[in-house]
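Here is a walk through a model of two protein chains with DNA. Have the sequence and the 3D view open as you read.

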Protein chains: 2
Amino acid sequence: MEGRCGAASRLRAVTSRSVTLIDVARAAGVSKSTASNALGGSGRVSEATRERIQDVARELGYRPNTAARSLRRSSTGAIGLYLPRTGTRLDYYMNLAFGAVERAREDGLDLVLLAPGTASGGGLASRVDGVLVIDPEVDDPSVPDLLGAGVPVVTGERYLGGGVAPSGAVVCDNAASLAALLDHLAERGARRPALLVPGPGSDWAAALRTAADVWSRREGIETVVRTVPFAATPAETEAATADLIAGIPKLDAVVCAPDGAVPGVLAAAVHAGLRTGTGLLVAACVDGAAARGSSPQVTAVDLRPAEYGRACAALLSELLAGTTEPGVVRRHDWALNVRDSTAGRS
Amino acid sequence: MEGRCGAASRLRAVTSRSVTLIDVARAAGVSKSTASNALGGSGRVSEATRERIQDVARELGYRPNTAARSLRRSSTGAIGLYLPRTGTRLDYYMNLAFGAVERAREDGLDLVLLAPGTASGGGLASRVDGVLVIDPEVDDPSVPDLLGAGVPVVTGERYLGGGVAPSGAVVCDNAASLAALLDHLAERGARRPALLVPGPGSDWAAALRTAADVWSRREGIETVVRTVPFAATPAETEAATADLIAGIPKLDAVVCAPDGAVPGVLAAAVHAGLRTGTGLLVAACVDGAAARGSSPQVTAVDLRPAEYGRACAALLSELLAGTTEPGVVRRHDWALNVRDSTAGRS
DNA sequence: TAAGCTTGCTGGAACGTTCCAGCAAGGAGC
DNA sequence: GCTCCTTGCTGGAACGTTCCAGCAAGCTTA
């Protein structure tokens, strides 16, 4: 009876079940501990045995069971990604997500997409080892939950709210990029630029506002700042721009912070009979489909979202591995993509 | 010694470790099996004890350990999402992803983002219970790997390649939506429409091509079909449209299949001195930021990506639960968003 | 030669859950 | 009174991995 039962289960193991560490160990004639050490890299194993076991594992098609490993190591092998769900900028975030997922995969980490409210239950800690929170906004109630979930958090851009501090952050030098953009516009002949920017609820928008102020003082060129919603629709932006054109006689350049708002600016220019690129210079603080796809194409600051995502994932991965101390803030490089919309005043 | 050791571990359990099923059971004065049954819903437990245990669990803040559950149940509690990484259409896919992640969460499933090449290793089956493959293209080498990974697969749109068949699919009636779009254009005065569409490598594009053919025959109106890349850039589309305008004297409407290509069509119209909406009607087969954000706004077929994602996740979830038999194909509804770009010939 | 160190390996005990066999207690049917 | 069934609960054994203590064998040192 014992024998029959053992034989049956062994047969099933061969036919249907997936191959486990014990199968590998048995086939290689070692104990499971040695097999584990040989494949995992830790522990003391002779080079010869290690290679033999790795060969056997490859031959049998051994894949470690993620759940068992997680249980034993009490780490899940996955990180979470939390994105703001703004209507525009989605292609930016998608590129960022792709970058993060690729980088995570290089370290053997899965990336799970977090929906708003995921963390509020509290079970987050048993499902991911850490979380990436991108562009955290102060009035998003999920953000404090994520920060308090008990796992390391890396933010993309700083979080301006209080509470538990994140373990790390990757930030863009938005002040420098806006200054570069304004320098570029001035060089192309702009003397009366305007900036369309969301209110200071996010680190990004807040930084842009002060940067515009600093630049204006330094250069002695007044920059008109006008507040638009974070996820501004083209219609809203068009109205805002038309308003500016009507109100400021010599307006010659418009910088719009959200990339999705670009079409609205262009439409207002067309309506007012201004030729984009010469009569009115137009630029955006975030590059994306809207800036690249419009006509004429719009000069924009390229935040290189895929690399941004990679950088965030890399930092979190290092924090999890313990190779980097908590509290780091890393800088992410940007680039200025000059296009026809700032060709220059004729 | 035994006692001291036990006390020590119990103390640590209280101070640092998270609360386990055993903690709940002990606090409620029952065995772990009963606690498991009470919380899991299965097994035989009296209503009184069940409530008591649930109260205790809530009070202690018990969260089941995902890894342990996965290990025991040999299911991971997560599904994978594989998206094509085309430059345009990203906001469409992002909305779809958000829909899928929300629906998955309703069933307690995590959604992990799959990068191209994730499946080739073969370890996919131990990490997700099933996979969503959206807009599978025949020449994507990852798709056969995903289909052969040994877990249920639901595709968004059909997969035209061979090999292992998916367990389910959610499809749009692209033929019907294009016919509706062409009907709309004809009603607004179009007599010589053109269709910009990718080659027949995807189910979506193939369906559009035949639908245009069928519609033309039925209505007696010839539709000019022109092939553009799947992820057509605005520049490519502009060139293609300019070409059409030059080559076809009475051209009065352009339908462009990929949404990201919309700005190119509009630019070509402007260049040719045609007024979009009257001189040239313009429409797209996929609604998105490009169609909504352009000026004038462009009439498009709304595939309702978030709901599409929800539908895919729902189907996969049912397949995993066994409440739906494999092989199902479900239909997803679309809507026509009429905008200024098809106002009508004056 | 005895003690101590290093190397290479082993066996067992976790990790937290679910599933299964089983067992008292009580009721029904003969 | 005996069997049989149901209800409500229990204890132990999985699931596949990693970690830890430990143990021979060989080498060094005194």
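Let's begin at DNA strand C. Of the 26 residues around this strand, A:Ser31, A:Ser33, A:Thr34, B:Leu21 and B:Ala68 come nearest; a residue is near a molecule or strand if its C-beta atom, placed from the backbone, lies within 6 Å of it. The elements giving two or more residues to this surface are α3 and α5 of chain A together with α2, α3 and α5 of chain B. Helices (H or I, at least four residues) and strands (E, at least two) are DSSP runs, numbered from the N terminus.

A word on what you're looking at: this is a predicted model, where local features need pLDDT of at least 70, side-chain atom pairs count only at pLDDT 80 or more, and totals for chains, interfaces and linings use all residues. Residues are numbered from 1 along each chain as its sequence is written, while chains are lettered from A and ligands numbered from 1 in the order in which they are written.

Now for DNA strand D. It has 26 residues around it, and the closest are A:Leu21, A:Ala68, B:Ser31, B:Ser33 and B:Thr34. Here α2 (21-28), α3 (32-40) and α5 (66-73) of chain A, plus α3 (32-40) and α5 (66-73) of chain B, each supply at least two residues.

Here are the two DNA-facing surfaces, with Ala, Val, Leu, Ile, Met, Phe, Trp, Tyr, Cys and Pro counted as nonpolar, Asp, Glu, Lys and Arg as charged, and the others, Gly among them, as polar.

| Surface | Top contributor | Residue classes |
|---|---|---|
| near DNA strand C | α5(B), five residues | eight nonpolar, eleven polar, seven charged |
| near DNA strand D | α5(A), five residues | eight nonpolar, eleven polar, seven charged |

What does UniProt list for residues 19-73 of chain A? An unreviewed entry there gives "domain: HTH lacI-type"; positions are in the numbering used here, feature names are shortened, and annotations may be inferred rather than shown by experiment. Over that stretch the chain is 71% helix and 0% strand, with its end C-alpha atoms 20 Å apart.

In chain B, helix α2 (residues 21-28) packs on α3(B) at an angle of about 105°, with the axes 8 Å apart. Axes are lines fitted to C-alpha atoms, for helices over the stretch in contact, and angles run from 0 to 180 degrees between N-to-C directions. The two helices are therefore roughly perpendicular (65 to 115 degrees). B:Leu21, B:Ile22, B:Val24, B:Ala25 and B:Ala28 of α2(B) meet B:Lys32, B:Thr34, B:Ala35 and B:Ser36 of α3(B), where two residues are in contact if their C-beta atoms, placed from the backbone, lie within 7 Å.

How do the copies line up? Chain A goes onto chain B with an RMSD of 0.1 Å after a turn of 180° and a shift of 0.1 Å along the axis, superposed by least squares on the C-alpha atoms of residues with pLDDT of at least 70 in both. The copies are thus related as by a two-fold rotation axis. Of the residues of chain A, A:Val112 comes closest to that axis, at 2.0 Å (C-alpha).

As for the interface, 43 residues of chain A contact 43 of chain B. The largest share of chain A's side, ten residues, comes from α6(A).

Methods. Angles under 35 degrees count as roughly parallel, over 145 as roughly antiparallel, 65 to 115 as roughly perpendicular and the rest as oblique.
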